[in-house]
Amino acid sequence: MLSDDELKGKSVLIADDEEYIRRHIAKGLRSRGLTVYEAGSGDEVLDMVSEKPHAIIMDVQMPGQDGLEVARLLKEKEDTASIPLILLSARAQESDIELGYAMGADHYLAKPVTFSQILGALREAIHE
Amino acid sequence: MSEEFLGESERRLIQQEMFQLEDQKLALEEQYQYLFENALAGLFRIDVKTSRVLTANKELLRTFGVEELVELDYLFHKYRIFEELEELKNDTYSGEESLTFSSPLLIGKEERMIRFSARYKVEYQVIEGAARDITSLVSAEKRMLEAIREAEQANHAKSLFLANMSHEIRTPLNGIVGFAELIQQSGDKDIALYAHNILDESDRLMTLINQLLDISKIEANQIHLEAKPFYLSRLVRDQVNSFMPVLKGKMLDFRLSLDDRLTDCYLGDTFRLGQILTNLISNAVKFTHRGKISLNISLYEHKDNRDWIRFVISDTGIGIPREMQKRVFEKFVQADNSIQRRFGGTGLGVAICKELVELMGGQIALTSREGEGTEFSFTIPLAISQVQAEFPVDEAEEEADLNNLPPARILLVEDYKINQDVVLLHLEPFNMVIDVAENGEEAILLFTRNHYDLIIMDVHMPLLSGLEATTQIRKMVRGKDIPIIGVSASAFTADREACRRVGMSDFLSKPIRRKKLIDHLYFWLSRKENDSLSRSLAWECRLQQGDGDSEELILRYGEFCEDIGSREDGNMIITGFIESARELMEEIFRDVELQKWERSHRNAHSLKGGALSIMADELSEAARALEAALKEPDGRDIMPLYQNVSRSLERLDGYFEKHRIS
């Protein structure tokens, strides 16, 4: 596992249409020295991925293209396929989780999650 | 898993709440962190398992003079702070109990005293606490303690100095007083007045010195109160009596009232109680110009086997202004500086009273109205004497050798009331029981009934003389060894021999002087047995004395003239007396031959009275003996007594011619 020091300087794209949730995670990451890009929809994710973040944290339920759809697109493209992807979702059924992984997620976190769970997943993802 | 049963919306909701809690936690952590960092006390957390400092705030680093946690670790190890803190692992410090200790640390080049306070959080396996540099506090406290000690030492030195100085001053002052007394008696009226003034001033100086000594003794905790049995009413009356002359002089009334419920005999320090009363009464007298002074003594309450006695001294004097009333109990303060000039005094008296009253466990208070009068009152607890004080108690502090009579039971055989009183008065201060017999017969009766340590026996008495009584007592088994001191007028030289012949132990000449009486009693009472060596020693001494000590007894010329007012008048009266005494003697001689007892007795009485009034003690005593014999002659030989009077009269004449100053 990486220490906080090793996360420092990395960049993360975080996507959630619920602003409070997004901000909370962004704030936690920024306070640990990460660069954070925030996206409120699937389309924004596809725009902002050009910033080449070290990892993407993305909610599944978003208006417009949902998280699963965006995941499929990212993994299809050659220049974005290698970016570690962490999916967050209030859908916690076994089938939902399997679907997430099938769409190319490196981690699938069922809400509710704590910030430190997100951080743990992020460390693992970047380390891999 | 419970998550399985949570719906999607519920999960969203919980997620929201969870992040809100995380925010709150973060805010608290930030707040804590801020306080931790900026606290003015050094704060730290230590990992118990590794014995390393986990966190420390800026203040702690500053306190220890370091910049990094590592350096702090080093210092904590070096000064065994970790070891001290390990103590917290003991059961006594379970829970929230904190450990506090101080350690001297070398920080930079300075030794600092650091105070640690810490507690053990078992669940986190950390010790958290605070450290504070208390060097300046400690040194301030040390300086303060040093200052207190120095002040105490200085005060003690002052008290010691005062005590020594007082003593040093008193010694020469005693000399001054002694010689002033001698000068006063030496004759010249003006000189006597000067000497009198010297004595007055010396008294004031002595009072001041004694008060200074008392204050320094009180401050040095060197006053120890005695608890001896004493008669309260007598102590009080003695005190009051000593003020009678000045009260009369100022035309002031004095009222004394004593509560009936008070017991006769208490345990206490009569000298100190007397001192309090003297101080307060003398203040009342000093500041009162008309009206009256009263002393009211009452039982306040009876508690714990003690009587709480309230003494109230009130006067109709000038009073004390309200704003000064508290201050009069302070040392060296009088209500007004001008008072010092008008009335004199040290301003110490009332302060001493307060200290003494408090030392006795009591309280003193004052109420006063300017121009109307002052009332001092104090209440002290006194234990009731369980020994129903058979013995009056030694009171005045006088010359040491006059103070030391062992307690004794004495038989005083004396027919003359005045002489009985003189002896009783002189012996009053001592632990003595004195029985009085009016004549030889009564003496023998009392002697067979009671045990006595000593007998004082007048030689000339009606019914059975002292010589006959002594002879009978010596014949008794119990009477062989008891010291018997014969008493007779110094004129009767023959009496001394007679006293020795019948077996008396010693001889005392009249008029009886206090010092002589006490010397004699001391001599015999301090010897348990009336051994023959003591007796011959005493006699040798007495016979050698002869009449040498009696010259001033022939005529107290200077004193008499001073009393009369002028030497001229004095001379005239003495000359007149001697002439008429000669005539009386001639008449007595004739009447004795004619056995006209009544008239001769009357003449002897007149002669005695006249001699007494010109202060011719020896002649008056001789005449008294003759008078007594003439009252009930019973065939006794009057002539030796007559010749004694005659010889005394001639001695008086000779002395007067030799010493008279025109």
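Exposed means over 50% relative accessible area, buried means under 20%, and partly exposed lies in between. The structure is a predicted model. The exercises below work through it.

**Exercise 1. Classify B:Asp304 and B:Gln125, two residues with positive phi.**

Solution.
- Step 1: place B:Asp304. It sits in the chain B loop between strand E9 (292-303) and strand E10 (306-315).
- Step 2: read its backbone. Phi of B:Asp304 is near 50 degrees, positive in a residue other than glycine.
- Step 3: apply the cut-off. B:Asp304 has a relative accessible area of 65%, so it is exposed.
- Step 4: place B:Gln125. Its loop joins strand E4 (110-121) to strand E5 (126-133) of chain B.
- Step 5: read its backbone. Phi of B:Gln125 is near 55 degrees, again a positive value outside glycine.
- Step 6: apply the cut-off. B:Gln125 has 26% relative accessibility, so it counts as partly exposed.
- Step 7: set this against the general rule. Most residues other than glycine have a negative phi.

**Exercise 2. Describe the peptide bond from A:Lys111 to A:Pro112 and the salt bridge of A:Lys111.**

Solution.
- Step 1: check omega. It is near 0 degrees for this bond, so the bond is cis.- Step 2: place A:Pro112. This residue is in the chain A loop between strand E5 (107-110) and helix H7 (115-127).
- Step 3: find the partner of A:Lys111. It is A:Asp59, with the closest N and O atoms 3.5 Å apart.
- Step 4: compare their places. A:Lys111 is in the loop between E5 and H7 of chain A, and A:Asp59 is in strand E3 (residues 55-59), so the pair ties together parts 52 residues apart in sequence.
- Step 5: check accessibility. A:Lys111 is buried at 1%, and A:Asp59 is buried at 0%.

**Exercise 3. Contrast two salt bridges of chain B: B:Glu128 with B:Arg45, and B:Arg624 with B:Glu621.**

Solution.
- Step 1: take B:Glu128 and B:Arg45. Their closest N and O atoms are 3.0 Å apart.
- Step 2: locate both. B:Glu128 is in strand E5 and B:Arg45 in strand E1 (residues 42-47) of chain B, 83 residues apart.
- Step 3: check accessibility. B:Glu128 is buried at 16%, whereas B:Arg45 is partly exposed at 24%.
- Step 4: take B:Arg624 and B:Glu621. Here the closest N and O atoms are 3.2 Å apart.
- Step 5: locate both. They share helix H21 (residues 617-631) of chain B and are 3 residues apart, about one turn of the helix.
- Step 6: recall helix geometry. An α-helix has 3.6 residues a turn, so residues three or four places apart point the same way.
- Step 7: check accessibility. B:Arg624 and B:Glu621 are both buried.
- Step 8: widen the view. Over all chains, the structure has 37 salt bridges.

**Exercise 4. Describe the contact between chain A and chain B.**

Solution.
- Step 1: count residues. Chain A gives 19 and chain B gives 13.
- Step 2: state the area. About 1,600 Å² is buried between the chains, with 55% from carbon and sulfur atoms.
- Step 3: name the main contributors in chain B. B:Arg11, B:Arg12 and B:Phe19 lose the most area to chain A, together 37% of what that side buries.
- Step 4: count the links. There are 3 salt bridges between the chains. One of the salt bridges joins A:Glu18 to B:Arg12, with the closest N and O atoms 3.9 Å apart.
- Step 5: add polar contacts. Between the two chains, 10 residue pairs are in polar contact.
- Step 6: sort the chain B side by class. It has 6 charged, 4 nonpolar and 3 polar residues.

**Exercise 5. Build up the largest nonpolar core, starting from helix H10 of chain B.**

Solution.
- Step 1: list buried residues of H10 (residues 349-359). Among them are B:Val350, B:Ile352, B:Leu356 and B:Val357.
- Step 2: find their packing partners. The buried residues of H10(B) pack against helix H6 (189-219), helix H8 (270-286), strand E11 (363-369) and strand E12 (373-384).
- Step 3: see what follows. After H10(B) comes B:Gly361, with a positive phi near 90 degrees.
- Step 4: size the core. The largest nonpolar core has 46 residues, and B:Leu232, B:Leu273 and B:Phe311 are among those with the most contacts inside it.
- Step 5: name the suppliers. H10 is one of the elements of chain B that each supply at least two residues of this core. H8(B) gives the largest share, 7 residues.
- Step 6: inspect B:Leu232. Beyond its sequence neighbours within four places, its contacts include B:Leu258, B:Tyr266, B:Leu273 and B:Phe311.
- Step 7: note the other core. A second, separate core of 34 residues includes B:Leu555 and B:Val645.

Key
Residues are numbered from 1 along each chain as its sequence is written. Chains are lettered from A and ligands numbered from 1 in the order in which they are written. This is a predicted model: local features need pLDDT of at least 70, side-chain atom pairs count only at pLDDT 80 or more; totals for chains, interfaces and linings use all residues. Side-chain values use heavy atoms; hydrogens and water are left out. Helices (H or I, at least four residues) and strands (E, at least two) are DSSP runs, numbered from the N terminus. Buried means under 20% relative accessible area, exposed over 50%, partly exposed in between (1.4 Å probe, protein chains only). Contact means heavy atoms within 4.5 Å. Buried area is the accessible area (1.4 Å probe) that two parts lose on being put together, summed over both. A salt bridge is a side-chain nitrogen of Lys or Arg within 4 Å of a carboxyl oxygen of Asp or Glu. A polar contact is a pair of N or O atoms within 3.5 Å; within protein, one must be able to donate a hydrogen and the other to accept it, and residues adjacent in sequence count only if both atoms are side-chain atoms. Ala, Val, Leu, Ile, Met, Phe, Trp, Tyr, Cys and Pro count as nonpolar, Asp, Glu, Lys and Arg as charged, and the others, Gly among them, as polar. A nonpolar core is a set of buried Ala, Val, Leu, Ile, Met, Phe, Trp, Tyr and Cys residues joined through side-chain atoms within 4.5 Å.
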